Amino acid sequence: MASPDSPQSAAPPVLDKDGVRLTVEDAVATVTLTNPAKRNAQSPALWRALTEAGRALPGSVRVVVLRGEGKSFSAGLDRQAFTPEGFDGEPSFLDLARGADDVLDATIAEYQEAFTWWRRSDLVSVAAVQGHAIGAGFQLALACDLRIVADDVQFAMRETSLGLVPDLTGTHPLVSLVGYARALEICATGRFVGAAEAERTGLANLVVPGDQLDAAAEDLAAALLAAPRDAVIETKALLQGAVGRSYEEQRTAERAAQARRLRDLAGLGD
């Protein structure tokens, strides 16, 4: 049985830098956070590597599995970011705060790119989460379409407790999954959300023992590949747009999507 520390693929890495490793095996890509000694704490360099991993995916990839080595998925932002010296070769967050508003906004937007590509319409992304997923770690798990968690998982959104706000794209999926009131309570208190609550509230699709986490992610990836790719893409687009549409608008979108699929199946597509 695979463990949370075991490699997911024998394929050579497409990318391996700054705490991020990308491997590709046929239609499945695995993105692994590779700094377990620091509980996969995140930094601007790691975010740039995650963005690069998304851009490096071959067109054949349909499913992306995100995982973290060691006991924790990700303990969140490396606190070194808030020290006067920051990271080598990087402006400290304190320096950024003292700079121009447009520079600060552009910098945060660049950081967010590491969290946006996971919901691309041509992919299904699965986060396999064990141990702590705090702050940026929680938001990275939320960036994925689906989440499988180990029974020891501990989610927490600690930004508000530190005088900040969650700014790495996590607020939208959190509200969509658990509703406004629970999302506000989770963020404002910074409390931990364990596996049972995560599954009950929709944060987790499945809870498994820790030593079964990787195998469960592999099984889900295989199941996601069973349906034709175009049908999955159309279905994902329908579901992603449903919240912003009225009932009648969604009916119309369903008809249009189904017409495209029927024409494709009949060999009449563009």
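This report walks through the sheets, helices, aromatic pairs and a few single residues of a predicted model.

## Ground rules

Residues are counted from 1 along each chain as its sequence is written, and side-chain values rest on heavy atoms, with hydrogens and water left out. Since we're dealing with a predicted model, local features need pLDDT of at least 70 and side-chain atom pairs count only at pLDDT 80 or more, while totals for chains, interfaces and linings use all residues.

## The seven-stranded sheet

Let's start with the sheet of seven strands, which is open, has mixed pairing and follows the order β1-β2-β3-β4-β5-β7-β10. Strands here are DSSP runs of E with at least two residues, helices are runs of H or I with at least four, and both are numbered from the N terminus. Two strands pair if DSSP finds at least two bridges between them. At the edges sit β1 (15-17) and β10 (206-208), each pairing on one side only. Ignoring direction, neighbouring strands of this sheet are turned by 20° against each other on average. The angles in this report are taken between N-to-C directions and run from 0 to 180 degrees, with axes as lines fitted to C-alpha atoms (for helices, over the stretch in contact).

Strands β3 and β4 run parallel and are joined by six bridges; Val31 has Leu66 in β4 as its bridge partner. Over at the β10 edge, β7 (residues 146-150) pairs with β10 in the parallel sense over three bridges, and Val149 is partnered by Val207. Strand β4 is mostly covered, with six of its six residues buried. Buried means under 20% relative accessible area, exposed means over 50%, and partly exposed is in between (1.4 Å probe, protein chains only). In a regular strand the side chains alternate between the two faces of the sheet. In β4, Val63, Val65 and Arg67 point one way, and Val64, Leu66 and Gly68 point the other way.

## Helices across that sheet

Helix α1 (residues 44-55) lies across β1, β2 and β3 (28-33), at about 175° to β1. Helix α8 (residues 213-224) lies across β3, β4 (63-68), β5 (124-129), β7 and β10, and runs at about 155° to β7. Contact, for the record, means heavy atoms within 4.5 Å.

## The three-stranded sheet and α4

There's also an open sheet of three strands, ordered β6-β8-β9 with mixed pairing. Its edge strands are β6 (132-134) and β9 (193-194), and each pairs on one side only. Strand β8 (residues 154-156) pairs with β9 in the antiparallel sense over two bridges, with Val193 in β9 as the bridge partner of Phe155.

Helix α4 (residues 136-143) lies across β6 and β8, and its axis runs at about 95° to β6. The helix is mostly covered, with eight of its eight residues buried; Phe138, Gln139 and Leu142 are among them.

## Aromatic pairs

Searching the whole structure turns up five aromatic pairs. Rings of Phe, Tyr and Trp (its six-membered ring) pair if their centres lie within 6.5 Å; planes under 30 degrees apart count as stacked, over 60 as edge-to-face and the rest as tilted. Phe93 and Tyr111 are a stacked pair because their ring centres are 6.0 Å apart and their planes meet at 20°. Phe93 belongs to helix α2 (residues 93-98) and Tyr111 to helix α3 (residues 101-116), so this pair ties together parts 18 residues apart in sequence. Both Phe93 and Tyr111 are buried.

Trp117 and Trp118 are stacked too, because their ring centres are 3.9 Å apart with planes at 25°; Trp117 and Trp118 are both buried. Ring pairs also link Trp47, Phe93, Tyr111 and Phe115 into a cluster.

## Three arginines

Arg21 is in strand β2 (residues 20-25), and counts as buried because its relative accessibility is 19%. Its side chain makes a polar contact of 2.9 Å with that of Glu69. A polar contact is a pair of N or O atoms within 3.5 Å; within protein, one must be able to donate a hydrogen and the other to accept it, and residues adjacent in sequence count only if both atoms are side-chain atoms. Leaving out residues up to four places away in sequence, Arg21 touches several others, including Pro13, Asp16, Thr32 and Arg67.

Arg158 has its charged end over the ring of Phe192, 4.5 Å from the ring centre. That label needs NZ of Lys or CZ of Arg within 6 Å of the ring centre and within 35 degrees of the ring normal. Arg79, in the loop between β4 and α2, is exposed, with a relative accessible area of 56%.
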